[in-house]
Amino acid sequence: MEANPQRRGILCVVSGPSGSGKTTLCRAFNDEDPSCSYAISCTTRPIREGEVNGKDYHFLSEEEFLARVDKGDLLEHARVHGNLYGTLKSSVIEQVENGQDVLIDIDVQGASLIRNNDDPAIQASYIDIFVMPPSQEELQARLGGRGTESEQNFALRMENAQEEIAQWEKYAYAIVSGSREEDLQKFRSIIHGERNRASRLGISQKK
Ligand code: 5GP
């Protein structure tokens, strides 16, 4: 029997409505497990107070964003809450091919595009997790508590949350969000289990 020492990297897509806690969860996991990288997306959304260009997102004008789409730089992109968001191929493909795990925090449209991507390397690496708010009231409280959204944007995000939640069954895993520690514990067990999937380890029977 022979095991390939370099296992295949996991491309882990995490979705959930705004305020579900998915970004905090991805960052918390990335902090404790730096061998897993967290891909920085591009967006045309205005930068928020406290955000850093190149760390939270690559903040681009609509023109710059569309130029990157034309160049074929993005693995997926979608319009979310009125702004464009997209995943750079350069933050995912090579890493996964080199056995590194990559987390991407994207909306349900982007997840669907990658899930249906017919590249065998993407298919072999792909897993997805939906982070579900425990209740509508809690989602409202979390989104409001962030204090990042205008009244209009808040209403739009709450409305879009229903459409996102309707997609949860398309995901392989779902985490019903509780405390930060509970969410992180569930997240860890998913990733640790996926790392041991036989197909990733490339174990083969030699005759
Ligand atoms: P926010 O503006 O709150 O940072 O993000 C809004 C939404 O955009 C979230 O649901 C987030 O997951 C999603 N998002 C962030 N980056 C990407 C991306 O690269 N592609 C797609 N499709 N959605 C993204």
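How far does a polar side-chain atom of S41 lie from an oxygen atom of the ligand? In this predicted model, the distance between the polar side-chain atom of S41 and the ligand oxygen is 2.7 Å. Two further side chains also approach the ligand through N or O atoms: that of Y57 places such an atom 2.5 Å from an oxygen atom of the ligand, and that of D107 places one 2.7 Å from a nitrogen atom of the ligand. Considered by itself, the ligand exposes 510 Å², and 95% of this area is buried by the protein.

The space that the ligand takes up is the largest pocket. Two strands, β6 (74-80) and β7 (83-88), are the elements that contribute two or more residues to the shell around the ligand. In total, 18 residues surround the ligand, and the closest of these are S41, R45, Y57, Y85 and D105. When the shell is sorted by class, it comprises eight charged residues, together with five polar and five nonpolar ones.

Beyond the ligand, charged pairs were searched for across the whole structure, and 16 salt bridges were found. One of them joins D56 to R27, with the closest N and O atoms 3.7 Å apart. Because R27 belongs to helix α1 (residues 22-32), whereas D56 lies in the loop between β4 (42-43) and β5 (58-59), this pair ties together parts that are 29 residues apart in sequence.

Terms used
Residues are numbered from 1 along each chain as its sequence is written. This is a predicted model: local features need pLDDT of at least 70, side-chain atom pairs count only at pLDDT 80 or more; totals for chains, interfaces and linings use all residues. Side-chain values use heavy atoms; hydrogens and water are left out. A residue is near a molecule or strand if one of its heavy atoms lies within 4 Å of it. A polar contact is a pair of N or O atoms within 3.5 Å; within protein, one must be able to donate a hydrogen and the other to accept it, and residues adjacent in sequence count only if both atoms are side-chain atoms. Accessible areas come from the Shrake-Rupley method with a 1.4 Å probe; for residues, only the protein chains shown count as cover. On a 1 Å grid over the protein atoms alone, a cavity is a set of points where a 1.4 Å probe fits but cannot get out, and a pocket is an open set with protein on both sides within 12 Å along at least five of seven lines; lining residues have an atom within 4 Å of a point. A molecule sits in a cavity or pocket if more than half of its atoms lie within 2 Å of its grid points. Helices (H or I, at least four residues) and strands (E, at least two) are DSSP runs, numbered from the N terminus. Ala, Val, Leu, Ile, Met, Phe, Trp, Tyr, Cys and Pro count as nonpolar, Asp, Glu, Lys and Arg as charged, and the others, Gly among them, as polar. A salt bridge is a side-chain nitrogen of Lys or Arg within 4 Å of a carboxyl oxygen of Asp or Glu.
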